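Subject: Structure handover

Hello,

Here is the structure you asked about. Please open it first, then read my notes below.

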Amino acid sequence: MLLFFLSLAILLLGYRFYSPFVEKQAGIDPANVTPQQRLHDGVDYVPLSPGRAFLIQFLNIAGIGPIFGPILGALYGPVALVWIVIGNVIGGAVHDYFSGVMSLKEDGKSLPEIAGNYYNVIFKGFMLVFTCMLLFFVGVVFIMSPAGLLSNLSVFEGTLLGNNAAWVLIILAYYFLATLLPIDKIIARLYPLFGLLMIVMTTLVALALLLEAPNLPQVGDVFAYFHGHHEHDFLAPNPEGLPVWPLLFLTITCGAISGFHSTQSPMIARCLTNEKYARPIFYGAMLCEGMVACVWALAGIAAFPGGYPELKAMLDQGGPGLVVNHVATGYLGVLGGVMAILAVAIFPITSGDTAFRSLRLTITDAFNIQQSAMRRLALAAPILGVAYLMTHLDFSLIWRYFAFSNMLLSTSVLWLATKYLMDRGTFHWIVSIPAVIGTAITLSYIATAPIGLNLPLDYSKPMGIAIAVACLIGLWTVHNRRTADAAA
């Protein structure tokens, strides 16, 4: 129990003491006119109160990621909580904050456009491709996962709504409306309520686990894990031979660090009425997602008396969705379980629609397309049509590409933020060090993954160290040259 509360405390302390230091480097000025005030259009540039903007951002970035990812990451035991907390404070929250701030400073533009301003057209093209790819994969994943959860509810058994294909079409129809309509028509009205639902549901699950779960991880378990002294299967290093480096970091992205969030930040940056709201909204929403991830990592570890084999068997049988069902019904009762499962089905839908909306905005920014109703329709129709065809592919294949794209994009955004802070002459190490780590993780993964070079897993650690050292040497060289130029 202490390990869980310590994890939450570190997240809160990170916001209280570290986030003001991060904000100080960013050049925030409450007197600046925001993009919403300059470019108000009644569709995307619409004023939102800070509280409403926070809940929308929280729900946009959360979805199913901080639930399914940590459940899968729980196979690695209590080290999953360590990665969530450290990754969130020094990586994910900083990443989200600067993706929002840079967009605020650049008329609410999407990240590929900002990359073109700070680097060059090549880096802009790279970020455009991977941003669009990630947004599309997120949208497809968040059609397939909620459709599967909803069609399997017992209340729909034997009816048309018990059919997965029916839910795919219903969700697609909703996405079509949410992609086209002004942000204040659906998203700004419903999402704050759904955001509160996620907070309440997560709190109830956490309380139930802390009071009743048989297998709560302890602080000593973390030390035992790293020293190889284990008493049960959850503490076995490298379960089934899968190394923590780099696989755990790709398994748990949402909650620790997620490139998808940078695609959502510009949508909210277009709606802020003051730059001072950037820290509580962007940094704060990611901190809250980290708390959600901690709860579901705890659920994956604590709710299974049989430890790793029991969790692994349930995942093999029905994936993370079945684990959610087991935890919700087992600890909240039938009614609470149904409510929790409905909530878990709703959350990915609220990220899927904003993924497709952000994809529309990214494309229009890249090609400078004016946003009339007919042009929005002309963009949305083919995107969602192809997404429907993609739902017939294997879910696990889509998820693998989603996870890799997620880490790759977050690393790219951190390098972009490094250039932003270097140009300002402020302390860039708060983003450049996480960028180095992200680069090492991403390249180690692609070198050893079946979807990459498929090299032996033993190569991943030395490759990660070599890549990190090379990046640090390059950073230090650039830093010294810029310092010398500034002094001259």
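Ala-403 counts as buried, because its relative accessibility is 10% and the cut-off for buried is under 20%. Ala-403 sits in helix H16, which covers residues 395-424. It touches Leu-250 and Thr-253, leaving aside residues up to four places away in sequence. Ala-355 is 48 residues from Ala-403 in sequence. In space the two are 15 Å apart, C-alpha to C-alpha.

Please keep in mind that this is a predicted model.

**Helix H14**

H14 spans residues 308-367. It turns up in several of the findings, so here are two of its residues in turn.

Thr-354 is in helix H14. Is Thr-354 buried or exposed? It counts as buried, because its relative accessibility is 0%. The side chain of Thr-354 makes a polar contact with the side chain of Gln-264, at 2.8 Å. Gln-264 is also among the residues that Thr-354 touches. The others are Asn-60, Ile-187, Tyr-191 and Met-267, again not counting residues up to four places away in sequence.

Gly-319 lies in H14 too. Its relative accessible area is 15%, so Gly-319 is buried. Gly-319 and Ile-71 are 248 residues apart in sequence. Their C-alpha atoms are 9.3 Å apart in space.

**The nonpolar core**

How many residues does the largest nonpolar core have? It has 160. Ile-67, Phe-98 and Trp-296 have the most contacts inside it. H14 gives the most to this core, with 19 residues.

Take Ile-67 as a way in. It touches Trp-296, another of those three. Ile-67 also touches Met-198, Val-292, Val-324, Val-344 and Phe-347. Residues up to four places away in sequence are not counted there.

**Cavities**

The structure holds two cavities of 30 Å³ or more. The largest has a volume of about 70 Å³.

Which residues line the largest cavity? Here they are, in sequence order:

- Ser-110, Leu-111, Pro-112 and Thr-131
- Ser-262, Thr-263, Pro-266 and Met-267
- Ser-358, Leu-361, Thr-362 and Leu-409

Three helices each supply at least two residues of this lining: H6 (111-118), H12 (260-269) and H14. H12 gives the largest share, four residues. By class, the lining has six nonpolar and six polar residues. It has no charged residues. Met-267, one of the lining residues, is also touched by Thr-354.

**The second largest pocket**

This pocket holds about 350 Å³ of space. Its lining has 16 residues. Tyr-45, Arg-270, Asp-365, Asn-368 and Ile-369 lie nearest its centre. H14 provides the largest share of the lining, three residues. By class, the lining has five nonpolar, four polar and seven charged residues.

**Backbone points to check**

Most residues other than glycine have a negative phi, and most peptide bonds are trans. Three places in the model deserve a look on that account.

Asn-368 is one of them. Its phi is near 55 degrees, a positive value in a residue other than glycine. Asn-368 is found in the loop between H14 and helix H15 (373-390). Is Asn-368 buried or exposed? Its relative accessible area is 62%, so it is exposed; the cut-off for exposed is over 50%. Asn-368 is also one of the residues nearest the centre of the second largest pocket.

Asp-107 has a positive phi as well, about 60 degrees, although it is not a glycine. Asp-107 lies in the loop between helix H5 (79-105) and H6. It is partly exposed, because its relative accessible area is 29%.

The remaining point is a peptide bond. Which residues does the cis bond join? It joins Trp-245 and Pro-246, with omega about 0 degrees. Pro-246 is in helix H11, residues 244-251.

**Where to start**

I would open H14 on screen and work outwards. Its residues include the buried Thr-354 and Gly-319. H14 also contributes to the lining of the largest cavity and to that of the second largest pocket.

Best wishes

Definitions and conventions
Residues numbered from 1 in each chain as written. Predicted model: local features only at pLDDT ≥ 70, side-chain atom pairs only at ≥ 80, totals over all residues. Heavy atoms only, no water. 1 Å grid on protein atoms, 1.4 Å probe; cavity = no way out; pocket = protein on both sides within 12 Å on 5 of 7 lines; lining within 4 Å. Points joined across faces, edges and corners; volume = space filled by probe spheres on them. Nonpolar A, V, L, I, M, F, W, Y, C, P; charged D, E, K, R; others polar. Core = buried A, V, L, I, M, F, W, Y, C linked by side-chain atoms within 4.5 Å. Buried < 20%, exposed > 50% of the residue type's maximum accessible area, 1.4 Å probe, protein only. Contact = heavy atoms within 4.5 Å. Polar contact = N/O pair within 3.5 Å; in protein donor to acceptor, adjacent residues only side chain to side chain.
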